[in-house]
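Student: I would like to learn how the terms used for a protein structure are justified. Could we look at one together?

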Amino acid sequence: MGSGGGQWIVEKRSSFRSEPLEVNVSETGCLSIVVLGASGDLAKKKTFPALFNLYRQGFLQSNEVHIFGYARTKISDDDLRNRIRSYLEKGSAKSEEVSEFLQLIKYVSGSYDTEGGFRMLDKEISLHEEFRNSTEGSSRRLFYLALPPSVYPVVCRMIKLCCMNKSHLGGWTRIVVEKPFGKDLDSAEKLSNQIGELFEEPQLYRIDHYLGKELVQNLLVLRFANRFFLPLWNRDNIDNVQIVFREDFGTEGRGGYFDEYGIIRDIIQNHLLQVLCLVAMEKPVSLKPEHIRDEKVKVRVSNTSLTHFSFPVMPIKDEEVVLGQYNGYRDDPTVPDHSNTPTFATVVLRIHNERWEGVPFILKAGKALNSRKAEIRIQFKDVPGDIFRLFSCLGKNQGRNEFVIRLQPSEAMYMKLTVKQPGLEMSTVQSELDLSYGQRYQQVTIPEAYERLILDTNYGRLQI
Ligand SMILES: NC(=O)C1=CN([C@@H]2O[C@H](COP(=O)(O)OP(=O)(O)OC[C@H]3O[C@@H](n4cnc5c(N)ncnc54)[C@H](OP(=O)(O)O)[C@@H]3O)[C@@H](O)[C@H]2O)C=CC1
Ligand SMILES: O=C1O[C@H](COP(=O)(O)O)[C@@H](O)[C@H](O)[C@H]1O
């Protein structure tokens, strides 16, 4: 999906749902994965670890894949390997496996806006392709932009100019771009146009890794495959919805990116809004990505207004926004001394449609808080005419029913409900019906969001 000049353009790609999880046999050329911004936070914490996990599981084979890091920082291959090693040596990873994987990584240093570095990168990729005896044009090149969006246009231009797969014998060149996609509607459209002039839509992958999280992937199943929820999921029963992201660490040297964007553009506008759409949307006609996309868009955009477009999500009121910055944020040397960029925000969104009128969607996100958690909390209305009020152990109203979907850490879903306190007395207490994934699915390793997304880009699959 792409947007050009305010118009949504849909192009056909193979869909996630219709393909089994296996390697597309027609795509056997050698694969080069290029991580641009390899010196940065995303690369070390998420991109390289995800590539490593795919490698360990056999989705990336050492006889066909090579990984390139690219950034301005002048470091050697070994410096980069040493920077990321500790992020790979986690869980059950063996140190030999880590070392083998690290040998697949080569680093090229260069600027983002001149040809020199990119020509060098192309040379390195071509060398690897020749070494693997890949027929020219049959090789696959995946460029992953782990960079601030401000440099996407220039980097895309350089890739187009210097680094494309040379012809079309079944090979491809694909570009993965991260959120936030621009800073506002104008800059998002401009960015879309700039990148759209360089690449065909099927070559472009705009990713939001929250969509790859296991329990986010589960949202549509929960909502539309369970009879329980169908009649309850509306304004008659739900009092409010809270979608919360907290992190227990600060920017840690990411000021170069973060300070320009702030917590609303970093987390709320993309990750939490995507989750909101999946919670609030109507049932799609099928699970095809374009049908899911259409329903998500309807939550946010309707064409009924006199203006360009209006939003079922109403304009946010000033009094329903709280912004904050954690103490110590400006001590980060990459953050300007007088920055007033918010690192915490709460905003209340109100959806003006038949299902949700009157139900506040409270979105909260903050860095450097006292815990790390991401969850969706659906709070139900009080029971009308509550006859058990006097029986509550606490002597006050029953606690409300809540349905909580914990995205991380320790994926879980639980329902808070009122039950009779076991024993001879008639008193009531709040308890939980608990589906904790760690207990229920002990044999299953839940994939990291980026593993799913990178695999999909390799296979050319579109996600929700
Ligand atoms: N960090 C995370 O956990 C996540 C990040 N993202 C997204 O990934 C992208 C990159 O984020 P992250 O890695 O955290 O950011 P960083 O601040 O770590 O930036 C990544 C790299 O980009 C280069 N860079 C930084 N600032 C600038 C600048 N102003 N101009 C040009 N180059 C710059 C630096 O490399 P050098 O100077 O060596 O060229 C840096 O190492 C963002 O779009 C973010 O939204 C998405 C999900 C998670
Ligand atoms: O996109 C981003 O996400 C990370 C948090 O990701 P998570 O999967 O660990 O929850 C956040 O730290 C970063 O600021 C942001 O750019």
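Tutor: Let us go through the sheet and then the two ligands.

Tutor: This is a predicted model, where local features need pLDDT of at least 70, side-chain atom pairs count only at pLDDT 80 or more, and totals for chains, interfaces and linings use all residues. Residues are numbered from 1 along each chain as its sequence is written, chains are lettered from A and ligands numbered from 1 in the order in which they are written, and side-chain values use heavy atoms, leaving out hydrogens and water.

Student: What makes β10 and β11 a pair?

Tutor: Strands are DSSP runs of E with at least two residues, helices are runs of H or I with at least four, and both are numbered from the N terminus. Two strands pair if DSSP finds at least two bridges between them. β10 and β11 (residues 344-350) have four bridges, in the antiparallel sense, so they pair. Val322 stands opposite Thr346 in β11.

Student: What is the strand order in the open sheet?

Tutor: The eight strands run β10-β11-β12-β9-β13-β14-β15-β16, with mixed pairing.

Student: Why are β10 and β16 called edges?

Tutor: β10 (321-324) and β16 (428-436) each have a single partner strand, so one side of each lacks a neighbour in the sheet.

Student: How do you know that Arg254 makes a polar contact with ligand 1?

Tutor: A polar contact is a pair of N or O atoms within 3.5 Å; within protein, one must be able to donate a hydrogen and the other to accept it, and residues adjacent in sequence count only if both atoms are side-chain atoms. A polar side-chain atom of Arg254 lies 2.5 Å from an oxygen atom of ligand 1, so the pair qualifies. A backbone N or O atom of Leu42 also qualifies, at 2.8 Å from an oxygen atom of ligand 1.

Student: What makes a residue part of the surroundings of ligand 2?

Tutor: One of its heavy atoms must lie within 4 Å. Ligand 2 has 14 such residues, and among the nearest are Tyr210, Arg254 and Asp266. A polar side-chain atom of Asp266 is 2.6 Å from an oxygen atom of ligand 2. The largest share of this shell, three residues, comes from α9.

Student: How many residues of each class does the shell around ligand 2 have?

Tutor: Ala, Val, Leu, Ile, Met, Phe, Trp, Tyr, Cys and Pro count as nonpolar, Asp, Glu, Lys and Arg as charged, and the others, Gly among them, as polar. By that rule the shell has three nonpolar, three polar and eight charged residues.
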